[in-house]
Amino acid sequence: MLEWLPEQISTYGGQIDSILYVIYYVVGFWFLLAQGFLIGFVIWYWKRTGENEDVPYVPARRYSVMAVVLIPGAMVLGCDLAIDFWQESAWAHIKEHRPEAEKRVKITAKQFTWKFQYPGPDGEFDTEDDFRTHKELHVPADQNVVFHLTSRDVIHSFWVPTMRLKQDAVPGRTIKGWFNATKPGEYEIMCAELCGIGHGVMDGRLIVHKNDDYEKWRNKQITND
Amino acid sequence: MTDFLTSYVFSLDHKVIAKQYLFTGLLMALLGGLTALAIRLQLAYPGVEIFLLGEIRPGLYNSLVTNHGAIMVFWVAMPIMLGFFGNLLIPLMIGAPDMAFPRLNMLSYWTFFLSAVVLIASFFMPGGGAQSGWTAYPPLSAQGVPWGQATWLLAVALEFVSVLMGGINFMTTPLTMRAPGMDLFDMPILVWMEVVASFAFMLSVGPLIAGAVLLEMDLVFHTGFFLPEAGGDPLLWQHLFWFFGHPEVYVIFLPALGVVAEILPTFSRKTLFGYSMIVWSTFIAAVLSFIVWAHHQFISGMDPRLAMPFGLFTILISVPFAVIIFSYIATLWRGNITLPTPMLFSLGMLGLFLVGGCTGIPLGAYASDIYMHDTYFVVAHFHFTLFPSIFLGGVAGIYYWWPKMFGKKLNETLGQLHFWGTAVFFCWTFIPLFFVGIAGNQRRISDPTKFESLADVQYLHEWSTIGLYGLLISQLFFFAAMAFSLFDSKTVNSNPWKATTLEWLAPPVPGHGNFETVPSVHRPPYEFNHPDHAEKDYWPQWEED
């Protein structure tokens, strides 16, 4: 079922995909096992009329009998903890730590659009040489982009499925995050949090340039301003 | 006339109040199901004209989504899983003549009824119904349609007050009014589940009622508790909401597990495996349910370091439930299984709930939740937890205890058709949505065709909608079975399923007061095929040695 995942174009997207695959196989195994016992018992012991004396009396009041379910329960716990600790490093890599910024961008969500603000040659936000785009986020490939995400009105969520990136935009807060897109091209940006009547049309485009193309595009923006 | 009013309308009898909850809940389920149909038609065929509603514009769509969720959780699941089962069965199962506080009980139902009226009124407010989702996240819920939203919040608050009053009965009655001889650990599992669910509800709802009052003040008096421009914090609401919202899931799910625990032993003629282990697991799960709430908020902007503890507790909570479900499966081992309608629904509940439980893992693992959060995968996941609980587990109970309510069984053929239609079409409706979510379709958008990357999944939306037609049509068998039983002249004795718990000692349709003499209890529940009792394959709690 995971072949339905969209194409993956960020440095950390592969980590998330592999977590999904591992969960799929581990949980899938336990699911089939439990479902197999459930369906198997029902079919096997269905309508054994006349064999009542065969039905054992097993209230499971002793630990040695409870072990029949406590041991599988402990094994489930083991699998759960293994998954949990293993995926923790991916979360820390994506959400807790930020690499050195090679490019920076301010993302402002508002009903029902996305605004992007880039620092000019001075490298600082909110100075005169900043330039802006609307609905289109331009980034170079293979560079760490640090974003400052906020919202002007209600809660939105910045969602780029191909980058496996999602982060809520909350008014009154600036949330920092990062990504590194690996493949040049155009990708869809969506809003993933109900934000009002325009929630379903709040789209945008992520445009990943090859390095030279990005510099060309950037210089053009700076001279235009 | 006064007789009619006191016996059927303003009755103090817990069984009449239970029926009032049941039929109000089923009527609201019809409303919830029709809102679902409107939502699914719009998703499969965007722009389609719908009977009475016309074209579903985004504002109306948001209102339908909001009220579908709220109705199904607060006005269907709560009255059926708590109001109906708790009221009907707690006094009967513990051998009590009624609830501890019958007048409070009646007030609880009528407050619930009022809340349903206020909810329906909220659709017709100037500007339309509430549009900010059943979770009502501010600032969105504090802007836009203030009258619809304010009325909706009032309805939710009234519903909580109603359940609070009912919950007092659900906690005090089993603790103080058990028949002589019945220890706490002789109570049927369903009674335990109602007690634990009531505790979970009562202890978690306070912060949300407070939050609802604050949000109401933001709306009506323009305060700013949740509004950043006035110094408030929108995330505060999310914490208050989910501190309640997660225990609420178990408030619905535990009674369903209780119903299944009553039915499995009866129809496998075998004692329940691990009674005390199940009760203790329930306690553990209920305690853990209070410290997992922020798993709904991994990407909400809260400190990312909080994900670790909340993710860990979330993963841990799967263990007590795994133990309970494994115990149920172990109960079936070497039983003498028959498959009448209540048993089919119970087994269906277990089988389909397993899908819901397992698909929770990629959401509780917070790294993969970055991708899955707020997609249709979440929608499919929680429908696979709540739907089996209410419409398979709950309905199993309706079939099982119908004879105790009306002295007749529901028609078996119609019941079997109802089960297979419901189970098959439920899967048909919701399995495609897992794929839709994996493909990246975000929740709560009214027109997936607006996004080119979602073009590939549009046919799955159509499939899902066709499945919903089947699911709704299958419910006609249920209504037919209930209507048929009105005219059915074939009555049953007091213990038609040959079960062991005290409700089956009471007369077929018990009058007010329930038992002719006070029953005494001699053994634990679910004593089937006991080695010391060879004359018949069940040994009821009330029979002397």
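These legends walk through five close-up views of a predicted model with chains A and B.

**View 1. Chain A and chain B meet across a shared interface.**
Welcome to the place where the two chains touch. Here 85 residues of chain A and 98 residues of chain B take part in the contact. The size of an interface is often given as the accessible area lost when the parts come together. Between chain A and chain B about 7,700 Å² is buried, and carbon and sulfur atoms give 70% of that area. On the chain A side, look for Trp4(A), Tyr57(A) and Trp91(A): these residues lose the most area to chain B, together 10% of what that side buries.

**View 2. Arg205(A) and Glu452(B) form a salt bridge.**
Zoom in on two side chains, one from each chain. Arg205(A) and Glu452(B) meet with N to O at 3.5 Å. How many salt bridges does the rule find across the interface of chain A and chain B? There are three. Over all chains, a search of the whole structure finds 18 salt bridges.

**View 3. Glu7(A) and Lys183(A) form a salt bridge within chain A.**
The closest N and O atoms of Glu7(A) and Lys183(A) are 2.3 Å apart. Glu7(A) sits in the segment before α1 (13-44) of chain A, while Lys183(A) belongs to the loop between β8 (175-179) and β9 (185-191), so the pair ties together parts that are 176 residues apart in sequence.

**View 4. Helix α1 of chain A packs with helix α10 of chain B.**
Now follow one helix from each chain. The axes of α1(A) and α10(B), the latter spanning residues 341-358, are 10 Å apart and make an angle of about 175°. The two helices are therefore roughly antiparallel to each other. From α1(A), the residues Val27(A), Phe31(A), Ala34(A), Gln35(A), Leu38(A) and Val42(A) meet Leu347(B), Leu350(B), Gly351(B), Leu354(B), Val355(B) and Cys358(B) of α10(B). Sorted by class, the residues of this contact are ten nonpolar, two polar and no charged.

**View 5. Helices α7 and α13 pack together in chain B.**
This pair belongs to a single chain: α7(B) covers residues 234-268 and α13(B) covers residues 376-406. Their axes lie 9 Å apart at an angle of about 45°, and the helices are therefore oblique to each other. The crossing of α7(B) past α13(B) is left-handed. Among the residues in contact are Ile252(B), Phe253(B) and Ala256(B) of α7(B), and Gly393(B), Tyr400(B) and Trp401(B) of α13(B). By class, this contact has eleven nonpolar, four polar and one charged residues.

Terms used:
Residues numbered from 1 in each chain as written. Chains lettered and ligands numbered in written order. Predicted model: local features only at pLDDT ≥ 70, side-chain atom pairs only at ≥ 80, totals over all residues. Heavy atoms only, no water. Axes fitted to C-alpha atoms, helices over the stretch in contact; angles between N-to-C directions. Helix = DSSP H or I, 4+ residues; strand = E, 2+ residues; numbered from the N terminus. Parallel < 35°, antiparallel > 145°, perpendicular 65-115°, else oblique. Left-handed = near helix turned anticlockwise from the far one by under 90°. Contact = heavy atoms within 4.5 Å. Nonpolar A, V, L, I, M, F, W, Y, C, P; charged D, E, K, R; others polar. Buried area = accessible area lost by both parts, 1.4 Å probe. Salt bridge = Lys/Arg side-chain N within 4 Å of Asp/Glu carboxyl O.
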